[in-house]
Amino acid sequence: MNFLSMKYFAAVAKEKNFTHAARALHITQQTLSTHIASIEKELGCPLLLRTTPLQLTYQGEVFLRYARQFEKLYLSLNQEFADLRAETKGLLRVGIAHTRGRALLPEIIEAYHKKYPLIELQLIEGTNEFLRHSLLDGDADLLIAHFPVEMPGVRLQPFYEEELVLLIANRLLDEIYGEKALGLLQQIHRPQDLSLLADCPFLLGNQEDVGGRLGNQMIAEALVSPQITAQSTNIETLLELCLRGTGACFCPDVLVRRLLSPAQLQSVQMLRFEERVRYRISFGWLERPYCWSAISHFSALALSLMHRK
């Protein structure tokens, strides 16, 4: 048994299919099957149930736990010795929500590539929930995300704080409330009472993301059931609909500032709320015997650029 066999078994456990796992590993299905059979023979027990899809036996679950630990150790070993050889190269997989990446990463990646041209960056985009699973499964090296609680086995480093705001196009306010719009906005600002917007349609984000979850929560707490014009996992789509006067949209303030032009900002009203709609965005990576320098260099550079704003 060797590291390669463990890597192959972890791929089969992930794909639950020999053909898909062999394709991901760039080997033949026969080679993969031979390796798995060899492990089972050495351990003296079946690790897989050959069903469709494949299932792990109890022994397979135990072996997978060890295989993943060895895989982490092997990766740490290679990364540490690459740093000892002063070889600043490799593949860094960064997980981030699509729109947050659109707003933050172009500047960071440009600066990082200039400083570390031999590090290839692979972006993994999705909801916060998807990204956390990607990190724990070993498919991402570094996350830029909101972590609602401490995650065992994950190191966190604060990056910056986001604040959820509510955007409403001036044209929509005029259409619904007419001359009463200005007074209504002043009333909402003071008690922060969303029930005053019961007649306003809303554009909602995905509840798997912190912004979407908080926006839905605020509406529920206001005891209103507004018309929902659209729901999307892509905040850029919701912002575009908001600018067109289709509905009110919750969005993190940092994304508003970076994605909307001055003219677009003039065309909307931005409502701010209390501390409860502020949350931290952090860097997160798996705790390992050694932290690869590519991870620490990326987070340090991103922090320095953010602090210049």
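**Patches, pockets and salt bridges**

Let me start at the surface. Phe3, Tyr66, Phe70, Leu73 and Tyr74 form a nonpolar patch there, with about 480 Å² of accessible area together. Keep in mind that this is a predicted model. Helix α4 gives the patch its largest share, four residues. Take one of them. Tyrosine 74 sits in helix α4. Its relative accessibility is 39%, so tyrosine 74 counts as partly exposed.

Now the pockets. How much space lies in the largest pocket? About 1,300 Å³. The lining runs to 42 residues, and those closest to the pocket centre are Lys7, Glu71, Arg93, Gly138 and Asp139. Several elements supply at least two lining residues each: α1 (3-15), α2 (18-25), β2 (55-56), α4 (58-84) and β3 (90-96). Which element gives the largest share of that lining? Helix α4 again, with 12 residues. So helix α4 has the largest share of the nonpolar patch and also of the lining of the largest pocket. As for chemistry, that lining has 22 nonpolar, six polar and 14 charged residues.

On to the second largest pocket, with about 370 Å³ of space. Here 30 residues form the lining, and Asp209, Gly211, Gly212, Thr233 and Ile235 are the closest to the centre. Two or more lining residues come from each of α5 (98-115), β6 (154-169), β7 (202-205), α9 (210-221), α10 (235-243) and β9 (248-252). By class, the lining of this second pocket has 13 nonpolar, 13 polar and four charged residues.

Next, enclosed space. The structure holds two cavities of 30 Å³ or more. I will show the second largest cavity, at about 30 Å³. Which residues line the second largest cavity? Leu194, Leu197, Ala198, Phe202, Ile219, Val224 and Pro226. By class, that lining has seven nonpolar residues, no polar and no charged ones.

Last topic: charge pairs. Side chains of opposite charge can pair when their charged atoms come close. The count here comes to 12 salt bridges.

First example. Lysine 14 forms a salt bridge with aspartate 139, and their closest N and O atoms are 2.7 Å apart. This pair links distant parts of the chain, 125 residues apart: lysine 14 is in helix α1, and aspartate 139 is in the loop between α6 (128-136) and β5 (142-145). You have met Asp139 already, among the residues closest to the centre of the largest pocket. Are the partners buried or exposed? Lysine 14 has 48% relative accessibility, so it counts as partly exposed. Aspartate 139 is partly exposed too, at 25%.

Second example, within one helix. Lysine 114 pairs with glutamate 110, the closest N and O atoms being 3.7 Å apart. Both lie in helix α5, four residues apart, about one turn of the helix. Lysine 114 has a relative accessible area of 62%, so it is exposed. Glutamate 110, at 46%, is partly exposed.

Third example. Arginine 244 forms a salt bridge with glutamate 240, with 3.0 Å between the closest N and O atoms. Arginine 244 counts as exposed because its relative accessibility is 55%. Glutamate 240 has 37%, so it is partly exposed.

Finally, a network. Salt bridges that share partners join Glu163, Asp253, Arg257, Arg272 and Arg278.

That is the tour. Happy to take questions.

Definitions and conventions
Residues are numbered from 1 along each chain as its sequence is written. This is a predicted model: local features need pLDDT of at least 70, side-chain atom pairs count only at pLDDT 80 or more; totals for chains, interfaces and linings use all residues. Side-chain values use heavy atoms; hydrogens and water are left out. On a 1 Å grid over the protein atoms alone, a cavity is a set of points where a 1.4 Å probe fits but cannot get out, and a pocket is an open set with protein on both sides within 12 Å along at least five of seven lines; lining residues have an atom within 4 Å of a point. Grid points are joined across faces, edges and corners, and a volume is the space filled by probe spheres set on the points. Ala, Val, Leu, Ile, Met, Phe, Trp, Tyr, Cys and Pro count as nonpolar, Asp, Glu, Lys and Arg as charged, and the others, Gly among them, as polar. Patches are made of residues with over 30% relative accessible area and no salt bridge: like charges are joined within 9 Å, nonpolar side chains (Val, Leu, Ile, Met, Phe, Trp, Tyr) within 5 Å. Accessible areas come from the Shrake-Rupley method with a 1.4 Å probe; for residues, only the protein chains shown count as cover. A salt bridge is a side-chain nitrogen of Lys or Arg within 4 Å of a carboxyl oxygen of Asp or Glu. Buried means under 20% relative accessible area, exposed over 50%, partly exposed in between (1.4 Å probe, protein chains only).
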